[in-house]
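The exercises below are to be worked through with the sequence and the coordinates side by side. Each task is followed by a solution that goes step by step.

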Amino acid sequence: MGRAREAPDPAPPPERAPRAPLARLPRHHRSRHPHHLPGTPAHAPRPWARALGLVAVVVAGAWLGLLVVGSVHTSIGPMDTHMTLRPDLSGGTKINVSPLGALELDSHTAPVRLDVDIDQLDPVRSRALVEHPERLAGLGDEVARDVAGGTAELAVRSCAAVVLGATTLGLAVYRRPRRALAAGGLALALLAASGASALVTWNPKSVLEPRFSGLLAGAPSLVGDARSIVTDFDVYQKELARLVTNVTKLYDATSSLPTFQPNPLTMRVLHVSDIHLNPASWHVIGSLVEQYGIDVIIDSGDTMDHGYPAENRFLDPVADLGAPYVWVRGNHDSRATQAYLKRLRNSHVLDGGEAVTVAGLRIAGHGDPQYTPDRSVRAEGDPAERMMGIRFASALRDETRAGTPADIAVVHNPVAARETDGTVPLVLAGHLHRRVDEVMEHGTRLKVEGSTGGGGLRALQNDKPEKVRASVLYLDRETRRLQAWDEITLGGLGLTTAEVARHLPAEATTDGREHGPGGREHGPGGPGPGPSAQRSAGASPGRP
């Protein structure tokens with residue numbers, strides 16, 4: 001037999017393709033997503049989420065940068081100040097005058113606010129101004145240069161602060177230099193856009209209408225005199241220099257605040273209303289009379305709460321207020337109240353359209369036709385007020401025809417006041433417990449005052465007591481026309497704080513002239529008295 005045939009050797013197995021190395025994948029991809037190849041967008045952050053995160057980092061970093069290094073110390077005139085940019089959606093400028101309070105100016109509209117803190121006076125420079133008043137003439141140019149220099153330095157420092165803050169925070173959050181630099185660049189762009197917005201909306205006339213908050217005694221001296229503001233429209237340098245001068249004088253006083261010196265060419269009328277039996281109102285009125293040099297007080301009614309004879313002794317302080325007191329009856333004041341007040345020294349009670357000349361002003365008034373605390377008589381509401389207003393307007397025309405036109409008309413209810421449109425330059429009212437300022441169709445300005453009694457004693461039962469409100473009206477002594485007014489709002493414990501907001505008539509123009517009814521131009525004092533000056537465009541034949 002032959003030998004058995006040997007079996008051939010088995011063929012080698014085919015080679016497999018090499019696997020992609022897992023080492024190139026991130027560690028978290030290898031562990032959680034073993035089959036997820038790089039570059040796939042399965043769990044990548046959304047673009048809008050990344051953008052919002054970047055914006056949040058930029059805003060926070062820029063704010064921190066401004067907070068830490070975004071301020072400069074500079075001298076403005078005789079004062080050492082601290083200038084800072086702060087994020088604020090409303091913009092504007094805030095000048096802190098410690099310990100007197102602060103001045104707020106609507107200087108610009110941008111998401112940044114300029115804060116100026118007055119730290120102290122340079123004793124050498126301030127003493128030189130006091131001893132050499134002639135140097136005040138050049139103070140405006142000096143202040144303008146100081147402000148320009150300080151603002152430029154603040155701009156450069158703020159740019160560096162926002163870039164540094166945003167870049168540092170971006171590096172801490174993202175840990176990537178490219179992202180950090182992008183955050184810094186975006187912060188710089190946002191600051192540049194805010195600066196452009198402030199430049200476009202810059203309003204130098206904001207110095208004319210400051211809002212003051214702080215100690216009430218310092219407000220008149222700090223805000224200044226209304227006639228000077230109306231007649232001088234070289235705004236930036238002159239008004240800013242005057243502000244610096246007033247602050248200098250305030251800080252130089254060591255024993256007490258300086259006395260406010262009234263401009264002899266300006267008359268001051270204190271408008272109060274709706275005291276409602278609040279005894280604190282007399283202290284407020286007396287303080288305003290002293291601080292502002294008030295010539296006459298006009299009360300548009302509702303001094304009482306019920307009008308009972310037992311309340312009449314509440315009126316006794318009227319005799320010692322320091323200025324003539326002109327009063328009209330409100331719907332909470334009775335005839336008995338009116339008779340009692342008429343017997344008091346220093347008071348002038350007006351009713352039935354009668355007029356009186358007080359402190360050079362011709363003032364006419366009419367009491368309210370309704371007495372609402374008397375429940376035995378049904379209140380007739382607005383129709384009764386309109387009828388009274390029509391009768392009052394007729395009396396005002398009679399005064400004009402007699403050659404003694406009224407400068408100011410006074411009633412309690414604004415419904416009656418509207419019927420006097422075209423017969424008098426200015427009509428004052430109350431009743432609403434809120435302020436209204438309106439130039440009516442035929443040219444008469446209606447001014448409604450809030451409650452000088454803070455709504456009365458009953459308002460103390462509310463969670464938040466109503467604020468005390470009064471206004472100082474500035475009138476030209478020659479033409480007896482309204483030049484400006486200060487709206488005074490008091491609040492806080494003991495009424496120790498106040499806000500004083502300066503306002504100018506909307507008709508005032510930059511050349512110091514004012515447009516009266518019918519488009520006629522006249523000087524800052526307004527038109528002279530007489531029917532022709534008071535005539536309004538489109539007036540009916542029965543109106544002067």
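**Exercise 1.** Determine in which helix threonine 151 is found, and decide whether threonine 151 counts as buried, partly exposed or exposed.

*Solution.* The model is a predicted one. Step one is to place the residue in the secondary structure: threonine 151 is found in helix H4, which covers residues 139–174. Step two is to take the relative accessibility of threonine 151, which is 37%. Buried requires under 20% and exposed requires over 50%. Because its value is 37%, threonine 151 counts as partly exposed. Step three relates the residue to another part of the chain: threonine 84 is 67 residues away from threonine 151 in sequence, while their C-alpha atoms are 9.5 Å apart in space.

**Exercise 2.** Work out the strand order of the open sheet of 6 strands, name its edge strands, and find the helix that packs on the sheet.

*Solution.* The order is E11-E12-E13-E14-E16-E15, and the pairing is mixed. The edges are formed by strand E11 (355–358) and strand E15 (436–439), each of which pairs on one side only. From one strand to the next, the twist averages 20°. The helix that packs on this sheet is H11 (residues 382–401), which touches E11, strand E12 (361–365) and strand E13 (408–410), and the direction of H11 makes about 150° with that of E12. As one example of the pairing, strand E14 (residues 426–429) and strand E16 (residues 445–448) run parallel and are joined by 4 bridges; alanine 429 has valine 448 in E16 as its bridge partner.

**Exercise 3.** Establish how many cavities of 30 Å³ or more there are, and which residues line the second largest cavity.

*Solution.* The count comes to 2 cavities of 30 Å³ or more, and the second largest cavity holds about 40 Å³ of space. The lining of this second largest cavity consists of Arg435, Val436, Asp437, Lys447, Val448, Glu449, Ser471 and Glu487. When the lining is set against the strands, E15 and E16 are each found to supply at least two residues. Val448, one of the lining residues, is also the bridge partner of alanine 429.

**Exercise 4.** Describe the protein as a whole by its secondary structure, its burial and its contacts.

*Solution.* The protein has 13 helices and 21 strands, and 48% of its 544 residues count as buried. Among contacts with a separation of 6 or more, 62% come from residues 24 or more positions apart. The protein exposes about 27,500 Å², of which carbon and sulfur atoms supply 57%.

How values were computed
Residues numbered from 1 in each chain as written. Predicted model: local features only at pLDDT ≥ 70, side-chain atom pairs only at ≥ 80, totals over all residues. Heavy atoms only, no water. Pairing = 2+ DSSP bridges. Axes fitted to C-alpha atoms, helices over the stretch in contact; angles between N-to-C directions. Contact = heavy atoms within 4.5 Å. Buried < 20%, exposed > 50% of the residue type's maximum accessible area, 1.4 Å probe, protein only. Areas by Shrake-Rupley, 256 points an atom, 1.4 Å probe, with all protein chains shown as cover. 1 Å grid on protein atoms, 1.4 Å probe; cavity = no way out; pocket = protein on both sides within 12 Å on 5 of 7 lines; lining within 4 Å. Points joined across faces, edges and corners; volume = space filled by probe spheres on them.
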